[in-house]
Amino acid sequence: MTHDPLAQHPDWTDSGFSTRAIHAGQDPDPRTGAVVTPIHQVSTYKQDGVGGLRGGYEYSRSGNPTRDALQEALAAVEGGAAAFAFSSGLAAEDALLRSVLRPGDHVVVPDDAYGGTYRLIARVLGPWGIDHTPVDLSDPDAVLAAIQPGRTKVVWVETPTNPLLGIADIAAIATHAQSAGAVLVVDNTFASPYLQQPLALGADAVVHSTTKYIGGHSDVVGGAVVVADGAQLPAGMVGPTGTTALRDAVGFLQNASGAVAGPFDAWLTLRGLKTLAVRMDRHNSNAEAVARFLVEHPGVREVLWPGLPEHPGHEVAARQMRGFGGMVAFRTGSAESAVAVCAATRVFTLAESLGGVESLVEHPGRMTHGSVAGTALEVPDDLVRLSVGIEDVEDLLTDLAQALAVAGLGR
Ligand SMILES: *Cc1c(COP(=O)(O)O)cnc(C)c1O
C-alpha cells in the first residue's frame, strides 16, 4: 500500500498536546465538510481501472480511512513517526513482539508486568522458542544484569506497573537497551501519552491498550503500537519488506497477520482521545485526594501511588511524568478484608479494566492477576486496586470510607 495519509494534511507537530489530539489526522471531510471523521464501515473500495486506487485504499485490512485518522492522531500525541491500531492491546503487543523476535531470542520483562503481557510472552511466544527473564525494573542495574548481549532483542518496560504502581527509569533503561542492540518497548497504558512521553526518553516503541485511558469510556477494546522516528529492528535483523526499519516490520505484520482495529472501534477510540488531557487532569487530582485519604486511614496498611513522596519511585516519576495518574493500590492486611472492601463499594464498581470515566475497584490476586498466581508475578492477596474515575471526589471519599467500615477496617 503506497497511500501516505500525511501527505495532504496540515502538520500539527508544533501544536500543543490537546490540539494534536483533537486535530491531527482529523481534517474535516473533504466532500461534506463533516467536522468529525466519518466511520468508514466498509471492506472494499472501487478502483478506477485496475490498480486505480482512490487515495490508496483497496481493502480495509490493509487500510481504512477511519483507522488511518486514529493512527495519525496517536502518532502525533506520542511524538512517533507512525502508529498502528489493533483490535486489542494484546494484539498490538503480539504484532510488535513477532515483528522483532525470532526463535532463540530473549526478552527482559518486568516482574510485575500486566498479567496478559506476561502470559503472551511466557505461554504463547515461549513454545515458539522465545526465552524471557522477569526483572525488577525499578533497579536499572538489575535490568543490565538480565540483558544477555547478542540474545536479548527486546527490553519490555511498563511504568507505572500494574497493579503495584512500580516506577521504571525509562531514560536509564534506554541506555542499557541501546548498547545491547535491543528494542526498548514501553507499555504506556497506565500513564497515557498525556502524562508520559517514552519516545522522547529514548524508547523505540510504545504500546497501548487504548481500551483504557485513551478510549476512556469503557466502551471499546483496542490497542496500538507507536514507533519512534528512525527506530530500527534489533542489530543485524532485516525485516520482511527488506528494510531494517521497525515501522516497516510492524506495518507489514499488521496487514499480514490482520488483527486490525475495526472502523467503529477506531472511531470510538478517536473520540475518546480528543478529551484525554482534561480527563487525565481530573484523574490525577481525584487520585491524589484518594491516596491522601487512604494514607490517613487507620485501617489501611500501605498505599501505592507514585505521587506520594514516600513512594520509592516518586523522584523518577516526578521527572518523567506530567502527573501521577489515576491508579491507586492499597493493602488492607488480609485477603478477607481486601475482598470485603471490593464487595462493599457503591460508587466504585467492582470490575476489571481501568482508565474509564467511572471509578472501578478490584482484587488483583483473584481477578486481573489470577493468571500469574504461582509465578514470579504473583501479587499480594491483601491488595486492592482502584481506577479512580472523574466523578465528584467527595462522593469517592465517602464511598471508600463506608466500604472500609463495612469491611471491618473503619475508624
Ligand atoms: C489492559 C492492558 C493491556 C492489554 O490490553 P487489552 O486491550 O486488554 O488487550 C496491556 N497492558 C496494560 C498495562 C493493560 O492495562
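Which helix does Ser192 lie in? The points below start there.

1. **Ser192.** This residue lies in helix H7, which covers residues 192-195. The model is a predicted one, and in it Ser192 has a positive phi of about 75 degrees. Ser192 is not a glycine. Look at this backbone angle when you view helix H7 (residues 192-195).

2. **Two cis peptide bonds.** One joins Thr159 and Pro160, with omega about -10 degrees. Another runs from Asn162 to Pro163, with omega near 5 degrees. Where are the prolines? Pro160 lies in the loop between strand S4 (152-158) and helix H6 (170-179). Pro163 is found in the loop between S4 and H6 as well.

3. **Domains.** The domain assignment gives domain 1 as residues 17-273 and domain 2 as residues 277-406. Their C-alpha centres lie 26 Å apart. The contact takes 37 residues from domain 1 and 41 residues from domain 2.

4. **The area between the domains.** About 3,100 Å² is buried between domain 1 and domain 2. Carbon and sulfur atoms give 62% of that area. Which three residues of domain 1 supply more than any other three? They are Tyr194, Leu195 and Tyr213, with 26% of the area that domain 1 buries against domain 2. Residues 192-195 form helix H7, so named in point 1 for Ser192.

5. **Who surrounds the ligand.** There are 14 residues around the ligand. Gly89, Asp187, Ser209, Thr211 and Lys212 come nearest. By type, the shell divides into four nonpolar, six polar and four charged residues. Helix H3 (residues 89-100) gives the largest share of the shell, with three residues.

6. **Ligand oxygens.** Which protein atoms lie 2.9 Å from a ligand oxygen? A polar backbone atom of Gly89 is at 2.9 Å from an oxygen atom of the ligand. A polar backbone atom of Leu90 is also 2.9 Å from a ligand oxygen. Ser209 uses its side chain: an N or O atom there is 2.8 Å from an oxygen atom of the ligand. How much of the ligand does the protein bury? Taken alone, the ligand exposes 380 Å², and the protein buries 92% of that.

7. **What to view.** For the ligand, begin with Gly89, Leu90 and Ser209. For the domain contact, pick out Tyr194, Leu195 and Tyr213. For the backbone, go to the cis bonds at Thr159-Pro160 and Asn162-Pro163, then to the positive phi of Ser192.

Methods: Residues numbered from 1 in each chain as written. Predicted model: local features only at pLDDT ≥ 70, side-chain atom pairs only at ≥ 80, totals over all residues. Heavy atoms only, no water. Near = heavy atom within 4 Å. Polar contact = N/O pair within 3.5 Å; in protein donor to acceptor, adjacent residues only side chain to side chain. Areas by Shrake-Rupley, 256 points an atom, 1.4 Å probe, with all protein chains shown as cover. Helix = DSSP H or I, 4+ residues; strand = E, 2+ residues; numbered from the N terminus. Nonpolar A, V, L, I, M, F, W, Y, C, P; charged D, E, K, R; others polar. Domains from an automatic or database assignment. Contact = heavy atoms within 4.5 Å. Buried area = accessible area lost by both parts, 1.4 Å probe.
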